[in-house]
Amino acid sequence: MRIGTISDLHIDRNEDMLKRGESFAQLVAEVLREKRVDRLLMAGDISNHYLTTHTFIEEVSFLSGVPVHFVPGNHDYWARDHEVTDTNTIDAFFNQKTYSLVNNPVLLTNEWTLVGSPGWYDYGYGNHDRYSIEQFDRKQYGFASWNDKHYVNWGEPDQVISHKMLNQLRQDLKSVGRRKVILMTHVATHPEFVMPLPHRVYDYANAFLGAQSYESLYEEFKTIEYSIIGHVHMRKILQEKERTFITACLGSHKHWKKFDVKNQLTKSLVTFDIN
Ligand SMILES: [Fe+2]
C-alpha cells in the first residue's frame, strides 16, 4: 500500500497562484493519480476556514477515489472569517468526521495502523532563558504577534490543551497494541523540525511550532515507525534509526522558487510504501 502525505496547503492564501480553470482539489487528485497513492494523509492547515477545509477534503477524496485521513492545524481552527469563535466547537466538528484520526486509529493493513492528533504547542521549543511562560502566553512580543492569539480560543491555556491532546495520543497508541504505527500531528514533535537557537525571532516563535513533551511518545512506543509533521513549512525527511520523520509542507507561495501549483504539489507530496 502506498501512502502519500502532504500538509499546509493553505489553499486560500495560495489561491492566486492557480492558473485559470485549475482548482487545488483537482490538482491534488492528479498528483495522487500520477504517484499511484492509495491513501492520503494530510497534517493540517488546509485553510483558514473549517468549512473550506472540510469541503476540500471531501472533494479530493471524491475526485481521486483515494481515502483521506486528516488532523486539523491551527489555521483550520481559525475564526477570522466566520462567527464560530469557540475553538472547541470546530474541534468537535472535525472530530466527528470519518477522515478524523482523533480517538479513531485506522487499521491500514494487518500490520500497520495510523494514529493522529492535531497536537498543540507547549512552548517547549522556545528559548526559556530569554522568555517566561507568561510572555509566551501573551503571544505578542514587541511588534510580532502569533496570530492564533486573535483567531483561536480554546478557553484554556495552550499547555493544558497540549497535554490533553498528548493524553489522547497516548491512549490511541496503547489501543493499537503491537502494530506498527504511522503517527501524524500538525505540530512538530522533534527538535530538528523547529529552528536552531539562538535566533532573533525564533527564540520566541519556536514556542508555537511544536510540542516538546510529545517526544516522550517515541521512548514509550517503539512501534512508531513513521512520524508525520505539518506546521513548520519545511520539506524534510529525517531518518533516526528505525524511525522516519517526514514534513511535507506545501507552505506559502512566498517561499516557492517556482510559481506553479502542480509542480509544487508534486515536489512536496511525499510517498512511501507499507505492506
Ligand atoms: Fe500551522
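I began at the hairpin of E10 and E11, where 2 residues lie between the strands. Lys241 has a positive phi there, near 50°. I note that the model is predicted.

I then looked up how the two strands of this hairpin pair. E10 covers residues 235-240 and runs antiparallel to E11, with 6 bridges joining them. For Ile237 I found Ile246 as the bridge partner in E11.

From E11 I followed the pairing to E9. E11 spans residues 243-248 and is joined to E9 by 4 bridges, in the parallel sense. I listed Thr247 in E11 as the bridge partner of Ile229.

Next I went from E9 to E8. E9, residues 224-229, runs parallel to E8, and 5 bridges join the two. Here Met184 stands opposite Ile228 in E9.

I checked the other partner of E8 as well. E5, residues 112-117, pairs with E8 over 6 bridges, in the parallel sense. Thr113 stands opposite Val181 in E8.

Is E8 mostly covered or mostly open? I counted 5 buried residues among the 6 of E8, residues 180-185, and entered the strand as mostly covered.

I turned to the nonpolar cores. The largest holds 67 residues, and Met184, Leu209 and Ile228 have the most contacts inside it. Helix H1, residues 24-34, gives the most to this core, with 7 residues. Another core, of 6 residues, lies apart from it; I noted Tyr50, Ile90, Phe94 and Val152 among its members. As a general remark, nonpolar side chains tend to be buried together in soluble globular proteins.

Two of the residues with the most contacts inside the largest core, Met184 and Ile228, are the ones I had already entered as standing opposite each other across E8 and E9.

Which residues does Leu209 touch, leaving out those up to four places away in sequence? I found Tyr121, Tyr125, Val187, Ala188, Val194, His231 and Val232.

Last, I took the totals for the protein chain. I counted 9 helices and 12 strands. Of the 275 residues, 44% count as buried. Among contacts with a separation of 6 or more, 76% are between residues 24 or more positions apart. The C-alpha trace spans about 50 × 50 × 35 Å along its principal axes.

I also compared the radius of gyration with the globule rule. A compact globule of 275 residues would have a value near 19 Å, and the chain has 18 Å, so I entered the two as agreeing.

How values were computed
Residues numbered from 1 in each chain as written. Predicted model: local features only at pLDDT ≥ 70, side-chain atom pairs only at ≥ 80, totals over all residues. Rg over C-alpha atoms; globule rule 2.2 N^0.38 Å. Buried ≥ 20, exposed ≤ 12 C-beta atoms within 10 Å, placed from the backbone. Contact = placed C-beta atoms within 7 Å. Pairing = 2+ DSSP bridges. Core = buried A, V, L, I, M, F, W, Y, C linked by C-beta atoms within 7 Å.
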